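The following paragraphs lead through a single protein chain, from its overall layout to individual helices and residues. Please keep the sequence and the three-dimensional view at hand while reading.

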Amino acid sequence: MLVLLALPAAVATWSGWVGLGEKTGFGMVTPLPGIADGFQINTAITLPIGVETYAAYALGAWLKSGGRVSDTTRRFAKWSAIGSLALGMLGQIAFHLLEISALAKAPDVITAAVSVLPVLVLGMGAALGHLMARDAAQVPELPTEQASDGPTSASAEPQPEALALPAKPLKRTVPGIDDLMPVGRRIAADLADRGLSLTRDRLLKAVRDTGRSISSDRATALLARLKSEASHADAVPNQQQAA
């Protein structure tokens, strides 16, 4: 069904862009003069390939549900996808108006606008590609509390290589958690005064409301540290009373 919907739209879009390209100076060129003089290509095909392909690519990044896509990347993909679709619609309108007017050559303003589209698409595609690659490279470390929580099936039978590893790297905290502890303590105290329990979602929202940037994984680590501190603080008075 999707193919049936996409095929006629692709044919109409392709023909419209190619027709507009031929009216705005795009046409047959020899891209390798002196090397392959017999090889020629019609540059008008670059318009549908570039504009419509980028629109589909940006739509995919905007609507992507899995993986790690930051708010900045999603926002850029959203507006560039909408812009590409709008450019596609304007291109089709321009071509059909020129056709019914029997104009073989587009006005200068349309020619100028169409001529910069390949460069514009290249820039947006490269920017979105770099943003997606940056998000994919940001793999969070496991929080210290999660890494040290009880033995797992793998740790029940340690291998010789594991025994040889120093214990110090296992105690590393997630970067940025120490800096967030003061604001985390204030948020925990504020929630306690309001009779609300400290949860990851409330902590995440409250930290972001202060203008700080924090991921879900770091919020989980911060919550664990705060609860660990609270448990330790509650245990000290009980030990003193027992003594």
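The chain contains 11 helices and two strands, where helices (H or I, at least four residues) and strands (E, at least two) are DSSP runs numbered from the N terminus. Read from the N terminus, the order of elements is α-β-β-α-α-α-α-α-α-α-α-α-α. The model is predicted, so that local features need pLDDT of at least 70 and side-chain atom pairs count only at pLDDT 80 or more, while totals for chains, interfaces and linings use all residues. Residues are numbered from 1 along each chain as its sequence is written, and side-chain values use heavy atoms, with hydrogens and water left out.

Two totals describe the chain as a whole. Of its 243 residues, 26% count as buried; buried means under 20% relative accessible area, exposed over 50%, and partly exposed in between, for a 1.4 Å probe and protein chains only. Among contacts (heavy atoms within 4.5 Å) with a separation of 6 or more, 67% are between residues 24 or more positions apart.

Early in the sequence, Phe26 occupies the loop between α1 (2-23) and β1 (28-29). Its relative accessibility is 15%, and Phe26 therefore counts as buried. Leaving aside neighbours within four places in sequence, Phe26 is in contact with Gly21, Asn42, Thr43, Ala44, Thr46, Leu47, Val114, Ser115 and Pro118. For one of these partners, Val114, the separation from Phe26 is 88 residues in sequence, whereas the C-alpha to C-alpha distance is 9.5 Å.

The next topic is helix packing around α3. Helix α2 (residues 46-63) packs against helix α3 (residues 71-100) at an angle of about 150°, and their axes are 8 Å apart. Here axes are lines fitted to C-alpha atoms, for helices over the stretch in contact, and angles run from 0 to 180 degrees between N-to-C directions. The two helices α2 and α3 are therefore roughly antiparallel, given that angles under 35 degrees count as roughly parallel, over 145 as roughly antiparallel, 65 to 115 as roughly perpendicular and the rest as oblique. The crossing of α2 and α3 is left-handed, a term used if the near helix is turned anticlockwise from the far one by less than a right angle, with clockwise giving right-handed. On the α2 side, the residues that meet α3 are Val51, Glu52, Tyr54, Ala55, Ala58, Leu59, Ala61, Trp62 and Leu63. Their counterparts in α3 are Arg74, Phe76, Ala77, Lys78, Ser80, Ala81, Ile82, Ser84, Leu85 and Gly88. By class, this contact of α2 with α3 comprises 13 nonpolar, three polar and three charged residues; Ala, Val, Leu, Ile, Met, Phe, Trp, Tyr, Cys and Pro count as nonpolar, Asp, Glu, Lys and Arg as charged, and the others, Gly among them, as polar.

Helix α3 also packs with helix α5 (residues 117-137): their axes come within 10 Å and cross at roughly 155°. This pair, α3 and α5, is therefore roughly antiparallel, and its crossing is left-handed. From α3, Thr72, Thr73, Phe76, Ala77, Ser80, Ser84 and Leu87 meet Leu117, Leu120, Met124, Ala127, Leu128, Leu131, Met132, Arg134 and Asp135 of α5. The contact of α3 with α5 has 10 nonpolar, four polar and two charged residues.

Ser84 of α3 has a relative accessibility of 2% and therefore counts as buried. Beyond neighbours within four places in sequence, Ser84 is in contact with Val51, Tyr54, Ala55 and Met124.

In the loop between α3 and α4 (108-115) lies Ala102. With 71% relative accessibility, Ala102 counts as exposed. Its phi is near 55°, a positive value in a residue other than glycine. Most residues other than glycine have a negative phi.

Further along the chain, Ile177 belongs to helix α9 (residues 177-193). Ile177 is buried, with a relative accessible area of 1%. Leaving aside neighbours within four places in sequence, Ile177 is in contact with Arg218, Ala221, Leu222 and Arg225. Ile177 and Ala219 are 42 residues apart in sequence and 8.5 Å apart in space, C-alpha to C-alpha.

Finally, helix α10 (residues 200-209) has Leu203, Leu204 and Val207 as buried residues. Seen down the axis of α10, these buried residues fall within an arc of 100°, so they line one face of the helix; the arc is that of the directions from the helix axis to the C-beta atoms. On the other side of α10, Asp201, Lys205 and Asp209 are exposed. Just after α10, Gly211 adopts a positive phi of about 95°.
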